[in-house]
Amino acid sequence: MSESWKTLENIKDNLSKKTIKQLFDDQPDRFYNFSLQVENIFFDYSKNLIDQETINMLLSLLKESGFENWRNRYFMGEKINKTDNRAVLHTALRQSKPHPVLVDGKDVSPDVAAVKDKMRRFCKNVRDKTWRGHSGKPISHIVHIGIGGSQLGPSLVVDALATYHDPDLTCDFVSNIDAHDIERITKHYNPETTLFLIASKSFTTQETMMNAHTARKWVLDHYGDPDSISSHFVALSTNEAAVSEFGIDPENMFEFWDWVGGRYSLWSSIGLVIPLMIGMDRFEDLLDGAGAMDDHFRTAPPETNLPVLLGLTGIWNRNFLNYPAYTVVPYDQRLSKLPLWLQQVDMESNGKTVTRDGMPVDMQTGPMIMGGAGTDVQHSYFQWMHQGTAPTPSDFIICAAPDHDYPEHHKKLVTHFLAQQQALMEGIENKAEPHRSFPGNRPSNAFILDRLTPYTLGQLLAAYEHKIFVQGIIWNINSFDQYGVELGKTMAKDLQDHWDDPQETNDSSTLGQLNHIKGNFSV
């Protein structure tokens with residue numbers, strides 16, 4: 001245990017005797033000392049149980065972790081994902097002014113630019129109706145088939161930027177192997193005007209490919225012509241042989257690279273649905289916003305670095321105040337899928353029990369994340385937030401300026417955004433009616449975006465990505481592999497292979513459930 005860690009333990013013991021409200025009473029300039037503006041995002045972290053000594057020691061802890069060296073290696077394209085022997089370079093996808101980025105000695109910038117150009121041409125053709133279905137009708141409905149990182153990011157962005165959608169296009173996302181998901185499409189849409197985007201790097205992902213083949217059969221049953229597939233399907237993949245075997249013209253395969261992790265892939269061709277819906281120029285704005293946050297994270301001093309401070313306050317809450325979870329509450333209906341995306345990008349990254357050296361971790365790692373759009377969640381789990389026995393830090397997010405014509409709605413939304421933070425911090429004591437008492441002293445951060453644009457959304461998402469990196473470095477874990485998703489899938493494959501004669505090695509509960517389902521299974 002480092003000296004900084006020991007000092008932070010002592011600071012925690014002393015600070016725990018106070019409340020956040022008392023810190024505000026003692027420090028008139030607290031809000032100004034613990035907030036900052038980064039271009040279009042204002043970040044307030046003053047409602048945490050911290051003081052300047054805490055921040056100083058957290059910064060010392062960061063320095064002791066070798067953070068600066070790891071950050072440099074991250075941006076330079078070194079293979080910091082040791083277990084997969086891969087670079088982590090999704091940041092190379094969002095450089096507004098491309099410069100050489102080397103992977104294994106090769107500059108990948110020209111390849112990135114070429115794929116973007118291909119995406120631009122394709123999106124233009126679909127949006128101006130040059131691209132047509134097999135019957136000659138223009139495309140009016142986009143269906144993105146993917147799962148995990150190949151779905152959550154694009155789905156979030158498409159919903160968040162609905163203001164910018166092409167009015168002649170609609171879109172859906174299909175991810176679940178449960179057939180009710182794909183059936184929404186096959187029962188209600190016209191195959192002649194539907195375009196499917198199949199998002200799978202290997203083109204073997206079980207859930208994605210099962211849904212893709214169901215969609216393929218739907219199109220073939222309608223047309224009765226194998227040539228129809230090339231007019232209604234494109235691939236977001238690297239496996240040209242499998243794409244061709246499916247019936248998709250390799251010219252309609254959009255490449256990305258193994259140095260783009262799945263949960264960071266919305267910035268790549270996996271995000272093709274985004275420029276289809278909002279146009280390539282606005283997709284480039286999204287990339288530029290993320291790129292601006294990359295530059296800030298790479299160059300700003302740690303004490304004024306938004307992702308660093310977000311990460312360090314999270315370390316403080318997780319490892320010293322021992323809060324096992326935190327909530328993310330966007331007060332903007334367009335960002336309602338942000339908590340789902342964060343669950344994957346954060347929990348899949350830092351939900352680890354082994355260090356980068358293969359040893360058991362000796363501290364708590366990634367927290368559990370939950371969330372939902374305010375004000376809806378005030379009427380669901382906020383009861384637990386205010387009066388439950390497990391205090392949980394929160395991130396509150398809002399836009400200063402709305403993109404609608406109902407200012408009274410926005411005024412009330414802002415008051416709820418502010419009041420919930422204040423209530424969580426201050427609480428109230430009611431001795432006469434204890435059920436009306438609120439403990440308070442529950443920490444929160446606040447993000448205020450100027451407004452929700454492609455650029456500011458890119459900034460926000462990149463800030464969270466880099467926050468996860470900061471925490472992974474301090475925890476000495478590899479934030480870029482995800483072997484925790486494999487075991488269940490392997491066991492599912494074994495059960496599928498032995499559906500008619502399950503192996504005796506399965507436990508009695510698994511066998512009992514399987515036999516019960518098979519006894520009531522009908523098609």
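These notebook entries record what I looked up in the structure above, which is a predicted model.

**Entry 1. Nonpolar cores**

I began with the interior. The largest nonpolar core holds 115 residues. Within this core, I142, W259, L272, W316, L338, F447 and Y464 touch the most other members. I then asked which helix gives the most to this core. Helix 18, residues 454-475, does so, with 12 residues.

I found another core lying apart from the largest one. This other core has 22 residues, and V174, I185, A212 and V219 are among them. For context, I noted that nonpolar side chains in soluble globular proteins tend to be buried together.

**Entry 2. F447**

I next listed what F447 touches, setting aside residues up to four places away in sequence. Its contacts include I41, F42 and F43, and also L306 and L310. F447 further touches D395, F396, I397 and I398. F417, L460 and Y464 complete the list for F447.

**Entry 3. Salt bridges**

How many salt bridges does a search of the whole structure find? I recorded 32. As a general matter, side chains of opposite charge can pair when their charged atoms come close. I examined three pairs and one network in detail.

I looked first at E9 and K12, whose side chains meet in a salt bridge with an N to O distance of 3.7 Å. Both residues lie in helix 1, residues 3-15, and because they are 3 residues apart there, about one helical turn separates them. Is each partner buried or partly exposed? E9 counts as partly exposed, since its relative accessibility is 24%. K12 counts as buried at 16%, the cut-off for buried being under 20% relative accessible area.

I then turned to R120 and D281, which form a salt bridge with the closest N and O atoms 2.9 Å apart. This pair links distant parts of the chain, with the two positions 161 residues apart in numbering. R120 is in helix 6, residues 109-127, and D281 is in helix 13, residues 280-299. R120 is partly exposed, with a relative accessible area of 34%. D281 counts as exposed at 52% relative accessibility, because exposed means over 50%.

The third pair I recorded is E192 with K137, a salt bridge in which the closest N and O atoms are 3.2 Å apart. Both partners are in loops: E192 between helix 8 (179-188) and strand 7 (194-199), K137 between helix 6 and strand 5 (141-145). The pair therefore ties together parts that are 55 residues apart in sequence. E192 is buried, with a relative accessible area of 14%, whereas K137 is partly exposed at 37%.

I also noted a network: D332, R334, D403 and R451 are joined by salt bridges that share partners.

**Entry 4. Helix 13 against helix 14**

I returned to helix 13 to examine its packing. Helix 13 and helix 14, residues 306-320, pack at an angle of about 70°. Their axes are 7 Å apart. The two helices are therefore roughly perpendicular, as angles from 65 to 115 degrees count in that class.

Which residues meet in this contact? Helix 13 supplies M293, H296 and F297, and helix 14 supplies L306, P307 and V308. I sorted the residues of the contact by type and obtained 5 nonpolar, 1 polar and no charged.

**Entry 5. H144**

H144 lies in strand 5. I found this residue buried, at 0% relative accessibility. Leaving aside neighbours within four places in sequence, H144 contacts S150, Q151, P154, D172, F173 and V174, among others. The remaining contacts of H144 are L197, A199, L236, I270 and V273.

**Entry 6. Backbone geometry**

I closed with the backbone. Most residues other than glycine have a negative phi, and most peptide bonds are trans.

The peptide bond from G374 to T375 is cis, with omega near 15°. T375 sits in the loop between strand 11 (368-371) and helix 16 (382-387).

F203 is not a glycine, yet its phi is positive, near 60°. I located F203 in the loop between strand 7 and helix 9 (206-223). F203 counts as buried, at 5% relative accessibility.

N322 likewise is not a glycine and has a positive phi of about 60°. I placed N322 in the loop between helix 14 and strand 10 (325-330).

Technical notes:
Residues numbered from 1 in each chain as written. Predicted model: local features only at pLDDT ≥ 70, side-chain atom pairs only at ≥ 80, totals over all residues. Heavy atoms only, no water. Core = buried A, V, L, I, M, F, W, Y, C linked by side-chain atoms within 4.5 Å. Buried < 20%, exposed > 50% of the residue type's maximum accessible area, 1.4 Å probe, protein only. Helix = DSSP H or I, 4+ residues; strand = E, 2+ residues; numbered from the N terminus. Contact = heavy atoms within 4.5 Å. Salt bridge = Lys/Arg side-chain N within 4 Å of Asp/Glu carboxyl O. Axes fitted to C-alpha atoms, helices over the stretch in contact; angles between N-to-C directions. Parallel < 35°, antiparallel > 145°, perpendicular 65-115°, else oblique. Nonpolar A, V, L, I, M, F, W, Y, C, P; charged D, E, K, R; others polar.
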